[in-house]
Amino acid sequence: MREAWIIDAVRSPRGRGKPGVGSLSHIHPQRCMAQVLNGLRAKVGFDPADIEDVVAGCGTGSGDHAHDIARMSVLDAGWPISVTGVTLHRFCGSGQQAVNFAATGVMSGQQEAVIGGGVEFMSRYAPVHANGFHANNEHLLGLHPQIPQGISADLIATIEGFTREDCDRYSVESQRRALHSIEQGYFRNALVPVYNLDGTLALDRDEYPRPGTDMAALAGLKPSFLGLGAVHAEGYPATFDALARAKYPQVKEINYMHHAGNSSGVVDGASAVLVTSPEYARKHGLKPRARIRAIATAGTEPLIMLTAPGPAAQRCLDKAGMSKNDIDIFEINEAFASVVLKFMKDLDVPHDKVNIDGGAIALGHPIGATGGMLIGTAVDTLERTGKGTALIAMCTGGGMGTATIIERM
Ligand SMILES: CC(C)(COP(=O)(O)OP(=O)(O)OC[C@H]1O[C@@H](n2cnc3c(N)ncnc32)[C@H](O)[C@@H]1OP(=O)(O)O)[C@@H](O)C(=O)NCCC(=O)NCCS
């Protein structure tokens with residue numbers, strides 16, 4: 001099988017995901033994705049007519065995210081009408097899956113130059129996934145009752161014995177690392193400023209991080225999902241709390257500890273990663289930044305839902321013929337603090353190697369866009385630190401995980 005090379009990766013800044021508050025919230029998601037595509041083109045200098053497909057992750061699929069946001073963004077970018085776009089949904093792992101599918105097309109020899117990435121404007125819908133993901137399918141609800149993700153995060157923490165202090169300490173460090181990376185300008189290489197229709201600047205920096213976040217500040221925040229546990233949603237046989245305890249009878253009571261400061265931030269953004277064959281890169285004089293060594297997915301129990309990054313990472317390591325000790329840095333999506341704490345426990349990797357530029361707790365998690373952002377951050381971090389290999393993994397709705405291993409070139 002031939003190699004798939006990452007030529008470059010860019011992203012928009014992450015804007016706060018509240019309408020009227022976030023600096024991107026008034027911009028159409030397609031317009032933002034289009035600007036990111038053009039940012040990638042300007043940075044790399046490829047001819048857009050060469051792009052065989054744009055694969056975009058999006059975790060919504062309705063309203064302003066409806067239909068095929070990838071193709072519409074290509075058209076909005078002013079690219080030739082010959083360039084196709086396809087949109088995919090693997091919940092929070094959509095953007096990573098988009099890059100992995102771009103790599104698959106290239107590795108298989110069917111495509112030469114493909115862009116993977118994604119877009120999500122969380123300011124355009126609220127609240128996030130208030131119920132489970134069965135979409136009113138009563139039969140599925142009977143087989144696999146699913147609950148809001150925040151409760152799943154608290155269930156993981158309860159089962160694993162993580163405390164509120166563990167989650168808050170992890171999150172304070174995420175904020176510290178993200179702010180340090182911002183101050184040092186580590187994200188500048190990947191950032192594509194986003195402009196308004198009148199040409200004025202909308203946003204050129206991440207606006208979610210909160211300087212001054214410390215344990216005392218987080219201690220004052222109330223658990224966000226405590227009340228939700230008592231909800232008996234229409235069509236469900238019991239409250240979310242009772243369903244969780246029925247599935248995990250060892251849990252007598254869910255210890256609710258996730259809140260606004262130790263959960264991923266609700267934000268808007270878009271990402272794009274150019275993946276090509278070695279032949280295409282050589283022919284056009286493009287310098288590759290990384291090769292994709294392996295990609296994988298894994299499924300785990302769908303009620304607890306957020307436990308698959310470890311199994312996906314292990315499967316990816318097995319495919320690459322590597323062990324965790326061969327990986328220099330890990331980018332694990334900070335959907336909730338307990339997700340990353342469990343990953344580090346499952347694979348026995350130290351925090352020093354994980355999310356060294358901070359993560360979604362500080363920066364935000366624009367669902368379909370995040371995977372492309374994490375892969376881009378991993379490439380930048382490998383170059384900056386002179387290290388060789390990175391593993392990127394995410395949890396997703398429905399109890400799945402996505403994983404990618406890349407190697408700096
Ligand atoms: C947890 C969650 C529900 C909180 O949402 P929210 O209540 O709207 O969050 P806000 O940003 O308004 O913050 C709530 C409060 O916490 C405060 N806060 C947030 N982060 C803080 C920090 N780091 N330090 C101190 N205070 C903080 C805010 O200032 C706000 O205070 P206020 O009410 O006095 O204004 C939301 O962030 C969420 O759903 N996150 C997860 C998203 C998700 O599920 N993604 C998919 C995952 S796989």
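Which residues are the closest of those that surround the ligand? I began my notebook with this point, working from a predicted model.

**Entry 1. The ligand**

I found 18 residues around the ligand. The closest are Thr-213, Ala-260, Gly-261, Ser-263 and Ala-335. I then sorted the shell by class and noted eight nonpolar residues, nine polar residues and one charged residue.

**Entry 2. Helix H5**

I turned next to helix H5, which covers residues 149-160. The helix has 12 residues, and I recorded 16 Å from its first C-alpha to its last, close to the 16 Å expected at 1.5 Å a residue. Is H5 largely enclosed by the rest of the structure, or largely exposed, and how many of its residues are buried? I counted 10 of the 12 as buried, so H5 is largely enclosed by the rest of the structure. The buried residues are Gln-149, Gly-150, Ile-151, Ser-152, Ala-153, Asp-154, Leu-155, Ile-156, Ala-157 and Thr-158. I looked up their partners and found that they pack against H6, helix H8 (226-229), helix H9 (240-247) and H12. Just after H5, I noted that Gly-161 takes a positive phi of about 80 degrees.

**Entry 3. Helices H6 and H12**

Two of the partners of H5, namely H6 and H12, I examined as a pair. Helix H6 comprises residues 164-184 and helix H12 residues 337-347. I recorded that their axes come within 9 Å and cross at roughly 95 degrees. An angle of 65 to 115 degrees counts as roughly perpendicular, which makes H6 roughly perpendicular to H12. From H6, the contact is made by Asp-166, Cys-167, Tyr-170 and Ser-171. From H12, it is made by Ala-337, Ser-338, Val-340 and Leu-341. By class, I entered five nonpolar, two polar and one charged residues for this contact.

**Entry 4. Helix H3 and Gly-95**

I located Gly-95 in helix H3, residues 94-107. For the helix itself, the 14 residues should span 20 Å at 1.5 Å a residue, and the end C-alpha atoms are 20 Å apart, which agrees. I counted 13 of the 14 residues of H3 as buried, so the helix is largely enclosed by the rest of the structure. Just after H3, Gly-109 takes a positive phi of about 90 degrees.

Is Gly-95 itself buried or exposed? I found 39 other C-beta atoms within 10 Å of Gly-95, and a residue with 20 or more is buried, so Gly-95 is buried. I also checked Gly-118, which lies 23 residues from Gly-95 along the chain, and recorded 4.9 Å between the two C-alpha atoms. Leaving aside neighbours within four places in sequence, I listed the contacts of Gly-95 as Gly-57, Gly-117, Gly-118, Ser-271, Gly-368, Ala-369, Thr-370, Gly-371 and Gly-372.

**Entry 5. Gly-371**

As Gly-371 appears among the contacts of Gly-95, I looked it up in turn. I placed Gly-371 in helix H14, residues 367-385. With 33 other C-beta atoms within 10 Å, Gly-371 is buried. Not counting residues up to four places away in sequence, Gly-371 touches several residues, including Gly-93, Ser-94, Gly-95, Gln-96, Gln-97, Ala-98 and Val-99. Met-394 and Thr-402 are also among the residues that Gly-371 touches. I noted Arg-188 as well, 183 residues from Gly-371 in sequence and 18 Å from it in space, C-alpha to C-alpha.

**Entry 6. Two residues with positive phi**

Most residues other than glycine have a negative phi. I therefore set down two with a positive value: His-67, with phi near 60 degrees, and Asn-355, with phi near 50 degrees.

Where is His-67 found? I placed His-67 in the loop between strand E3 (53-57) and helix H2 (69-76). With 11 C-beta neighbours inside 10 Å, His-67 counts as exposed. Asn-355 has its place in the loop between H12 and helix H13 (360-363). I counted 27 C-beta neighbours inside 10 Å for Asn-355, which counts as buried.

**Entry 7. Asn-196**

My last entry concerns Asn-196, in the loop between strand E6 (194-195) and strand E7 (201-203). With 14 C-beta neighbours inside 10 Å, Asn-196 counts as partly exposed. Not counting residues up to four places away in sequence, Asn-196 touches Ile-27 and Ala-202. I recorded 15 Å in space, C-alpha to C-alpha, between Asn-196 and Arg-14, which are 182 residues apart in sequence.

Technical notes:
Residues are numbered from 1 along each chain as its sequence is written. This is a predicted model: local features need pLDDT of at least 70, side-chain atom pairs count only at pLDDT 80 or more; totals for chains, interfaces and linings use all residues. A residue is near a molecule or strand if its C-beta atom, placed from the backbone, lies within 6 Å of it. Ala, Val, Leu, Ile, Met, Phe, Trp, Tyr, Cys and Pro count as nonpolar, Asp, Glu, Lys and Arg as charged, and the others, Gly among them, as polar. Axes are lines fitted to C-alpha atoms, for helices over the stretch in contact, and angles run from 0 to 180 degrees between N-to-C directions. Helices (H or I, at least four residues) and strands (E, at least two) are DSSP runs, numbered from the N terminus. Angles under 35 degrees count as roughly parallel, over 145 as roughly antiparallel, 65 to 115 as roughly perpendicular and the rest as oblique. Two residues are in contact if their C-beta atoms, placed from the backbone, lie within 7 Å. The expected span of a helix is 1.5 Å times one less than its number of residues.
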